[in-house]
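Biologist: Hey, could you walk me through this one? I'd like to start with a helix and then hop around.

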Amino acid sequence: MSIVMIGNPNVGKSAVLSRLTKSPLLISNYSGTSVEITAAQLKSAGKTIDIYDTPGIYSIENESAEQKAICELINTQRVDLIINIVDAVNLERNLVLTTELKALDVPMIIVINQIDRARQLGIDINRQLLSQVLKTEVVFFSANTGEGLMELITLIEKIKDKKEGEKEKGKTAG
């Protein structure tokens, strides 16, 4: 299974990936620190899941080097899942990219990172409504505390199991 993490700059993609895979990664908010695509692995139920951390982008429709690298990754790797990392404090701005990613017709989980910070600021996000409107799973997450980690892993495993089931059906049907 292959997963790509996509989000705006400075939403905590690397921090989420580090928490998810227990891999120490370069985590920084300085411009240009994540210009390459980094790969890490999640071990789940005895299987390895490849997860790609991409540079921060605001749109998949512009012509930046980062956008081209991400689109090439999606087109050359068989991406089974997009994990869209969004900043809970800047949700509206981040959802522009989310809308573009939905159009790719790749299964997606939206991870609302920094939910702990949003709560401290008095920001209340209706997770159920957001999930209904976007027609995808939404996970509240804190890379700082680990909130949402087990829920995210469970959702990834469900999608992995579904993909494996579809492969088996294809083998027996053919």
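Modeller: Sure, let's take H1, which is largely enclosed by the rest of the structure because eight of its nine residues are buried. Buried means under 20% relative accessible area, exposed over 50%, and partly exposed in between, with a 1.4 Å probe and protein chains only. Helices (H or I, at least four residues) and strands (E, at least two) are DSSP runs, numbered from the N terminus.

Biologist: Which residues of H1 are the buried ones?

Modeller: They are Lys-13, Ser-14, Ala-15, Val-16, Leu-17, Ser-18, Leu-20 and Thr-21. H1 is then followed by Lys-22, which has a positive phi near 60°.

Biologist: Hang on, what kind of model is this, and how are the residues numbered?

Modeller: It's a predicted model, so local features need pLDDT of at least 70 and side-chain atom pairs count only at pLDDT 80 or more, while totals for chains, interfaces and linings use all residues. Residues are numbered from 1 along each chain as its sequence is written, and side-chain values use heavy atoms, with hydrogens and water left out.

Biologist: Got it. What's in the loop just before H1, between E1 and H1?

Modeller: Asn-10 is in that loop. Its phi is near 65°, a positive value in a residue other than glycine. Asn-10 counts as partly exposed because its relative accessibility is 42%.

Biologist: Now the sheet. What order do the strands come in?

Modeller: The order is E2-E3-E1-E4-E5-E6, an open sheet of six strands with mixed pairing. Strand E2 (38–44) and strand E6 (137–140) stand at the edges with a single partner strand each, so one side of each has no neighbour in the sheet. On average, neighbouring strands are turned by 25° against each other, direction ignored. Axes here are lines fitted to C-alpha atoms, for helices over the stretch in contact, and angles run from 0 to 180 degrees between N-to-C directions.

Biologist: What holds strands together in a sheet, in general?

Modeller: Strands of a sheet pair through backbone hydrogen bonds, either parallel or antiparallel. Two strands count as paired if DSSP finds at least two bridges between them.

Biologist: So which strands does E1 pair with?

Modeller: E1 pairs with E3 in the parallel sense over four bridges. It also pairs in the parallel sense with strand E4 (residues 81–87), over five bridges. Ile-3 stands opposite Ile-51 in E3 and has Leu-81 as its bridge partner in E4. Met-5 has Ile-83 as its bridge partner in E4.

Biologist: How many residues of E1 are buried?

Modeller: Six of six, so to speak: strand E1 (residues 2–7) is mostly covered. Ser-2, Val-4 and Ile-6 point one way, while Ile-3, Met-5 and Gly-7 point the other way, and all are buried.

Biologist: And what does the backbone oxygen of Met-5 lie 2.6 Å from?

Modeller: A polar atom of the Thr-54 side chain. A polar contact is a pair of N or O atoms within 3.5 Å; within protein, one must be able to donate a hydrogen and the other to accept it, and residues adjacent in sequence count only if both atoms are side-chain atoms.

Biologist: Where's Thr-54, and is it buried or exposed?

Modeller: Thr-54 sits in the loop between E3 and H2, and it's buried, because its relative accessible area is 1%. Leaving aside neighbours within four places in sequence, Thr-54 is in contact (heavy atoms within 4.5 Å) with Val-4, Met-5, Ile-6, Lys-13, Ile-37, Ile-70 and Leu-73.

Biologist: What about Pro-55, where does that one sit?

Modeller: Pro-55 is in the loop between strand E3 (47–53) and helix H2 (65–76). It counts as buried, at 1% relative accessibility.

Biologist: Switching topic: what does helix H5 pack on?

Modeller: Helix H5 (residues 127–134) packs on the sheet, touching strand E5 (108–113) and E6, and its direction makes about 150° with that of E6. In the loop between H5 and E6 you'll find Lys-135. Lys-135 is exposed, with a relative accessible area of 69%, and its phi is positive, near 55°.

Biologist: Last one: which ring does the charged end of Arg-127 sit over?

Modeller: The ring of Phe-140, 5.6 Å from its centre. A charge sits over a ring if NZ of Lys or CZ of Arg is within 6 Å of the ring centre and within 35 degrees of the ring normal.
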